[in-house]
Amino acid sequence: MDMNQKLLKRYEELKKRGLTPEQNRKILLELNGEGTHDSPGGSRISDQTGSKDFQRVVNSFYQHNDLQDLQAITALQASYNVTLRSIDELLERDKQREKDGFPRKINVGRLIKPGRGGKEKIVVVPTTVEEKFIHDPNFKPPEEEEEASGGTGDGEEGEVIGEQPVHDPDGSGSGPGQGEGGPHEMESNAYDLGKILTEKFELPNLQDKGKKRSLTRYTYDMTDRNKGFGQLIDKKATLRKIIETNIFLGNLPDLDDIDPTRFLISPSDRIFRVLSREKDYESQAVVFFLRDYSGSMAGKSSDLVVTQHVLIYSWLLYQYAMQVESRFVLHDTEAKEVPDFYSYYNSKVAGGTQVASAYRLVNEIVEKENLARDYNIYVFHGTDGDDWDTTGKEAIPELKKMLKYASRVGVTIAEHGYGSKNNSEVEKYLKNSGLLEEKKSLLRLDVMQENADETRLMEGIKRLISP
Amino acid sequence: MELVDQHTKKIMEGCKERARDAGLRFEDETLEYIVTNRDLIELTPKVMIPTLYDYWVHDVEVLKETGKYELYPANPYETVINTRPAISFYNDNNPDWMNVMIFYHVLAHIDFFQKNLYFQHTWDYDFTGQALSDKRMIAKLRSEKGRWLDYVIEFTRGLDNLVGYHYELSRFAYPDTAIRNKRVDYYFDVFLQSEKKVKISEYIKEIERYNECLKASKKTGEKEFFSDITKKYPEFEALYKKQYKKKTGRKIDLIQFLIEHSEFLKKEENQWMKPVMEVIRKTSIFFQPQIRTKIMNEGWASYWHEKLFLKDDRIKGHEVDFAKAHSGVASLPRVGLNPYALGLRLFQYIEELVDKGKYSVEFKRLLNSSDRKNFDKKTGKGMDFIFKLRQNYNDFLFINTFVDDDFVALHNLFVAGKRLNKNKMVWEYFVKSRNAKDYRQMLLDMLYHPPDIQVDLDRTKNGNLYLVHHFEGKPLVKDFISNTMLGIEYMWGNTVQLETSEVAAVPTSQAAAYVSGPTAGMKEEQKPREIKWESVLYTMKNRRLSRIVIRKI
C-alpha cells in the first residue's frame, strides 16, 4: 500500500474515534507536510540522459572562489585547539560576558561530524555566531515554494532533467534536520565536552548484570603534571614556575616591590595537568535514543532534542569509552532503527506522529535480542509532544512494558512556541497515566520551551538521569 | 609565507607584458606568495589579509549556515587581494602552464580592482598597510581595556553590513553643487516622486514643460514654470521650505551616526571606542565592492585567462591540460550557478553584440529573425565596449542590462526548479522556465543585498534611537535581532528601537512553512499559503527586548 494511503487510512480511523478540532488540525498539517526524511548535503543528482552524476549543485555565486576553483586549495579553518585558546578560556570568557550583562555567546556541542559505519568520531566544538541584521535566507514568498537555480542544456519546460535520491547514502552534513548545510571539515575530540559533562552526570540505577563482558569504566584524574603542553593549565603551578624563572633571571630584585610587567615567560613555564586513567569494572548498558522526526518537529524542536541527545551521546562516548552500546530509533507514524548516530542526527523531519510505534520497536528489539538479561537498558526519547494517538491509548501500554525492564526512561518534550504551555498530548497522557509518580525512579519527563538554551539542556539531562 | 621562486616570478613578468599589450592596466609591482595549509589556517579567518586585526571569534568555529554570504560578504578564499602592491597566493606545486593561466586570471582581477569605479575608494591607499597600523592600535587598546575592546569590536561588527558604501562612492561622482538649482531639484527629485507619486508620463511632461519655459525665456522661464506649480500645488512652497530647513548635509551610516551622536561615546572615558568602530567600518567598506562585482570580476578574469593563455607562445603543448582545467572552472553547470561561467559568456556575448552593431536601436527594432541573425555592421568596437563595462558596471547593471532573450537562447539557459517526488522518494530537478525575464529575475534575486536600515531623525528624540528597516519583501532573521540591538544600545547608551516588518502570526503559521499542495483524497481544502505582513517595533531598553505590533500591512 502506498505510504500516503496508509496514513490516510490511519487518519480516518483516528477521526472515527473522535478528535478535537485542534488535534485534527495538527494531524492534517503533518499529513500534508511536504518534507521527507532525507539526510542532507552531498547533493548529487543523477542525470537521466545517461551521463554520470552531476556535481554538487551550487546554488550561490558566492560559494565559488579562486583558491578552490582554480588551484584546488581546500578550505581550512583553524579550530580552537589549533589556536591558543582552550575551551576553559572560552568558557571563562563566556562567564565573564554574563557578569558584564551580555548573554553568553559560546555554544558547546552544536557542531558534529560523526563518521559512518561505526567509526564514530564524535566532534564537539565550541561554536559561536555573529549576529547582524540580515534578510532571512530561508524565507520564500508563497509563489516561490520551489527552490530555484540556474540551469543550462536541453529540456522542455516542465521536463524533469535529473533526480537525486532523498536518502543519500554518502551524504555528509551538519546540523540536525537542517539540510543543505555545507560539510564541516572540523576535527576535534569530545574530550573537553565529555569532561564537562562527566563532572555532572552518571547513569542511574546501574545494576550488575550478565556475564557477556565486563564494562570498563574509566575514571580520569587530573593528578599528573606536565610541562609545556597538556589539557588543563595549572594556574598556581604555572605562576610559581614563572616566578621561579624570573628570580633566576634577576627580574625580581626587590621582594617588596614586585613588578610583574617585567617578567619574562618561557613556554616551558606553563604547567599542565594531564590525565591518568584508572580502570573500574562496572555493569554494561545499552542506551536507546528515540527521536520524533515527524513534520511538526521542524525547526527548533528538532534542534533542541537532537542537541540534547548529542550531549548525552558524547558524554557516554567519553565516560564509558564507547563500551555502552547505543541504538538509534527514529519515528514518525512508523519507527525504524538506524545504524549510527550519523543517520540519527542528520535525518530531516517529515510525516505524522505515533509515539507508540517507537516504544513498540524498542520493546521488540529488547525482546528479540534478549537484552534485558545482560544489559542495563536506558531509553531517551525526544519529541515535541504532538501525537496522533492523542490519549496515549497505544503508547502507555507499550511504555508500561518498557518500564518493566528499563533502568531509566527519559522523555524530553520540546514544546512549540505557538502552543499553550504544558499542554501537549504526550505530556498530558503521561501525567494522566500516573506512571510519573508510580515509577518515579524509572520514568522521567523534562518539558522545555522552544527557546531553551545550552544551560537549560544540561539541566534537562540532569533531570532525566538524576538518581 | 614565502615568495615564489625566481623562475616563477619570471613567468609572471612575462604574463604582465602580454596582458598589458592586450590592453589590461595595472600597477607594475605585485607580490606572489606560496601558501601552505598552515598559512591558510591563519589567513582565512582574516579574509586573506595577513595584517587584519585580531579578534577572538576568528579563533572559534563560527556557525555560518544562516545567511553565510549575507553575514560575511568578504570571501575568505580569494587568490588575489586588492592591495598596493596586489598580493596573490599560490600552491607550491602548480606546474608552469597552470601558473600561466592563474597569473592571467590574477592580472585581470588586479586590472578590475584598479580600474572598476566601484573600487574607487580603495585606490589611494594600501589596505594591508592601513590594516597593520589598525591592528597595532587595537592590540594596544586591548592591553589597556581588555575584554571591553572585544565587546566594541563585536557590537560594531554587528552593524558592519549596514555601512554606507554607496555614500562613500557618491563622493567621487558628485556634480558640482554650485550650479544646481535646489528648488528644481526638490521639485523633480522629491516632490513629484515621493510626495505626489506621479506617473512617468506626467513626470516627463513636466520635464518637457520646464525645458519649454527655459527655451521661451532664459531669465524668467524658471519663474514662470514655478508660478504654474504654486497654482497647481499650493502646498509646494511650504513643503520645499520645510525640506530645505532639514539638514541636507552628507549622508552617514549607522556606525558613523553612533560615533558622531552617541552621548555614551562622547564621554571622556569612552572616547577610545570611536577609532575602533571606525576601523571595523573602514574594513567593511573596503570589502563591499568585491561581492557586488563577483560575476563581472570572475567573468573578466576568465575571459582574459582564456584569451591570453591560448595566445601565449611559452606553453605550447599544454592546450589539452588547459582545456581541462579551464572547463572545470568555466563550464556552465547543468544545474547551479557559476560566476566564472556566466560572467565569461556575458562578456563574450556583449563583445560580439557590439562588434556586429547589435547593441543599437536599429537592431532592437528588427523583428524578422533572419534579418536579426544576419545583422552585422562590423563595427569592431566590441573590445572597447567591454573595457567600458569593466570600468562602469557592477553585477546588477551587468545582468539587468545584458541577460536578454538572445543570450538565454544562445546558451540554452533556464530556471531550474527542485521538487520532491514522494512516490520515488527523490528530489527532481526540472526545467521551470525558459523565459529570459524569469532567468534574469532569478539571477537578480541571488545577488547580495543587505537590508536597508536607517536612523529616523524625526523619531530619534529624548535619547531614543529610532531605526527603520525599509522593507523589501524579506523579513530579518529574528534570532539575530536581540543581540544586534543589545550592541547598539550599549554603544548608544540609551533605548534603541527598530521598526521592521514580519509575517503576521496566524495560528498555523509555524506549520504553514512546510504545508503546500493538497494531498489526494483529503476533504479539507488546503488554501494556498497567504502571507500577511505586519509592521512591528522592537525596543531594546536596559538590555531587555520587547516587541509590539504597530499595524497590519
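Two residues are in contact here if their C-beta atoms, placed from the backbone, lie within 7 Å. In this predicted model, Phe103(B) touches Ile11(B), Met12(B) and Cys15(B), when residues up to four places away in sequence are not counted.

**Nonpolar cores**

Phe103(B) also belongs to the largest nonpolar core, which has 126 residues, and it is listed with Tyr104(B), Leu107(B) and Val276(B) as having the most contacts inside that core. Helix H4 of chain B, residues 96-115, supplies the largest share of this core, namely 13 residues. A second, separate core has 64 residues, and Val362(A), Tyr375(A), Tyr378(A) and Leu430(A) are among them.

**A sheet in chain A and the helix across it**

Chain A holds an open sheet of six strands with mixed pairing, and the order of these strands is S11-S10-S9-S12-S13-S14. The edge strands, each of which pairs on one side only, are S11 (335-338) and S14 (443-448) of chain A. From one strand to the next, the twist averages 20°. Within this chain, strand S9 (residues 285-292) and strand S10 (residues 325-331) run parallel and are joined by seven bridges; Arg291(A), for example, has Leu330(A) in S10(A) as its bridge partner. Helix H9(A) lies across S9, S10, S11 and S12 (376-383) of chain A, and the direction in which H9(A) runs makes an angle of about 145° with S10(A).

**A hairpin in chain B**

In chain B, strands S11(B) and S12(B) pair in the antiparallel sense over eight bridges, and one of the facing pairs places Ser535(B) opposite Arg551(B) in S12(B). The two strands form a hairpin with two residues between them. How many of the nine residues of S12(B) are buried? The count is zero, and S12(B) is therefore hardly covered, since a residue is buried only if 20 or more other C-beta atoms lie within 10 Å of its own.

**Backbone angles that stand out**

Most residues other than glycine have a negative phi, and most peptide bonds are trans. Several places in this model are worth reading with that in mind, and the table lists residues with a positive phi.

| Residue | Phi | Place |
|---|---|---|
| Asn370(A) | about 50° | loop between H9 (355-368) and H10 (371-374) of chain A |
| Arg543(B) | about 65° | loop between S11 (533-541) and S12 (544-552) of chain B |
| Asn542(B) | about 45° | turn of the hairpin of S11(B) and S12(B) |
| Gly250(A) | near 80° | follows H6(A) |

Is Asn370(A) buried or exposed? Asn370(A) counts as exposed, because it has 10 C-beta neighbours inside 10 Å, and the limit for an exposed residue is 12 or fewer. Arg543(B), by contrast, has 13 other C-beta atoms within 10 Å and is therefore partly exposed.

The helix that Gly250(A) follows also allows a simple check of length. Helix H6 of chain A has 15 residues, 235-249, and at 1.5 Å a residue it should span 21 Å; its end C-alpha atoms are 21 Å apart, so the expected and computed values agree.

A further backbone feature concerns a peptide bond: the one that joins Arg84(B) and Pro85(B) is cis, with omega about -10°. Pro85(B) is placed in the loop between strand S4 (80-81) and strand S5 (86-90) of chain B.

How values were computed:
Residues numbered from 1 in each chain as written. Chains lettered and ligands numbered in written order. Predicted model: local features only at pLDDT ≥ 70, side-chain atom pairs only at ≥ 80, totals over all residues. Helix = DSSP H or I, 4+ residues; strand = E, 2+ residues; numbered from the N terminus. Pairing = 2+ DSSP bridges. Expected span 1.5 Å × (residues − 1). Core = buried A, V, L, I, M, F, W, Y, C linked by C-beta atoms within 7 Å. Axes fitted to C-alpha atoms, helices over the stretch in contact; angles between N-to-C directions.
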